[in-house]
Amino acid sequence: MKQEQFEQRYQPLWHRLDQQLDQLETFRLRRSSEELPADLPQLYRQLCNHYALSRARRYSPQLVGFLHRLVLRGHQQLYTRRGAWLWRLLTFIASDFPVSLRLNIGYVWVALALFLLPALLVGGYCMIDDTFIHSLMSDAEISNMEEMYRPDNARPGRTLERSADSDFVMFGFYIYNNIGIGFRTFAMGILAGVGTVFTLFYNGIVIGGVAGYLSGLGYTDTFWPFVCGHSALELTAIVISGAAGLMIGRGVISPGRYSRLDAIKLQAGKAVPLVMGAGLMLLGAAFIEAFWSASSLPNTVKYVAAIILWIMMVLYFMFAGRGADGAR
């Protein structure tokens, strides 16, 4: 869409929002969210998307600056009120995160391929040849993994040393581990994207290899019921973190008409919602892994719940936020 068409289509919305903000700033209404115009949150969400599109499409600096100032004014009115952080979080989950993912879906597909293809190939080979796992992991790591998922383990996913730990303690451990993986996958993008590519590829190989090896040993009744519950959130979050890292890598490799530093900042601004959303997903995955995955519930219940979660997640990323996305 050309800039002229873009401005003609959305100028009335910007003008309406500008008038509301003028009124709020004039009377300095700052006590509660009830004092806000009813449609201000929706208008602000649309404005944020317009601002992101104007930057991505490289519209004139005047238009980008105007929208940026409007965004800052709206942010000041919406988020300085008591309780606004909760509204902001809910808005991010319901709209900003899935919309951001759809706007950057190309990076997500690339990250998914870098993670999934080696996982499937190595996993299939490890099912056929159980000696190949020794080229990926040390003997101690393999022994520990077998102990966690052996058929007689009353709590799969826990070693004997960790079997006495409370679910809450394991929750903290999983948060540390999951967030660490996601952050490294994203942060390695600063190495011209090569670090993120390697991290995705490596995690795909290891996760696929472990799944294939344990399945080949016949540990399917302990391994798959344990991992299926949190797999939707955890694996998808790793891929999304990888997509964010690839965006940073693009700023390093192909800055275009920007300086390399400005290009990295621009890409980082687009990647932040993905990183934040992935962090929330990894937090949810840690909760499921600690309090659900190792529970004594029947495997059938765990499988059904996992399928439902996968379906809900796909539908969420496909449709969430479309009603508030005025520029799509």
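This passage walks through a few salt bridges, one helix and the nonpolar cores of a predicted model.

Salt bridges come first. The count comes to two, and Arg-73 takes part in both the pairing with Asp-18 and the pairing with Asp-22. In the bridge to Asp-18, the N to O distance is 2.6 Å. That pair ties together distant parts of the chain, with Arg-73 sitting in helix α3 (residues 61-79) and Asp-18 in helix α1 (residues 3-27), 55 residues apart. The bridge between Asp-22 and Arg-73 has its closest N and O atoms 2.7 Å apart. Here too distant parts of the chain are linked, since Asp-22 belongs to α1 and Arg-73 to α3, with their positions 51 residues apart. Taken together, Asp-18, Asp-22 and Arg-73 make up a network of salt bridges. Arg-73 counts as partly exposed because its relative accessibility is 22%, and buried would call for under 20%. Asp-22 is partly exposed as well, with a relative accessible area of 36%.

Next up is helix α11, which covers residues 299-319. Its 21 residues reach 30 Å from the first C-alpha to the last, close to the 30 Å expected at 1.5 Å a residue. Lys-302, Ala-306, Met-313 and Phe-317 are the buried residues here. Looking down the axis of α11, these buried residues fall within an arc of 40°, so they line one face of the helix. The face turned away from that buried side carries Thr-300, Ile-307 and Met-312, which are exposed. Just after α11 comes Gly-321, with a positive phi of about 85°.

Phe-317 also turns up in the largest nonpolar core, which holds 32 residues. Along with Phe-97, Leu-101, Ala-111, Ile-240, Leu-274 and Met-281, Phe-317 is one of the residues touching the most other members. Which elements give two or more residues to this core? They are α4 (84-103), α5 (105-128), α7 (167-187), α9 (220-253), α10 (260-293) and α11. Of these, α9 gives the most, with 12 residues.

Ala-111, picked out above for its many core partners, has contacts further along the chain. Setting aside neighbours within four places in sequence, Ala-111 is in contact with Leu-200, Val-239, Gly-242, Ala-243 and Leu-246. Apart from the largest core lies another one, made of 23 residues, and Cys-126, Ile-133, Met-148 and Val-210 are among them.

Key
Residues numbered from 1 in each chain as written. Predicted model: local features only at pLDDT ≥ 70, side-chain atom pairs only at ≥ 80, totals over all residues. Heavy atoms only, no water. Salt bridge = Lys/Arg side-chain N within 4 Å of Asp/Glu carboxyl O. Helix = DSSP H or I, 4+ residues; strand = E, 2+ residues; numbered from the N terminus. Buried < 20%, exposed > 50% of the residue type's maximum accessible area, 1.4 Å probe, protein only. Expected span 1.5 Å × (residues − 1). Arc of directions from axis to C-beta. Core = buried A, V, L, I, M, F, W, Y, C linked by side-chain atoms within 4.5 Å. Contact = heavy atoms within 4.5 Å.
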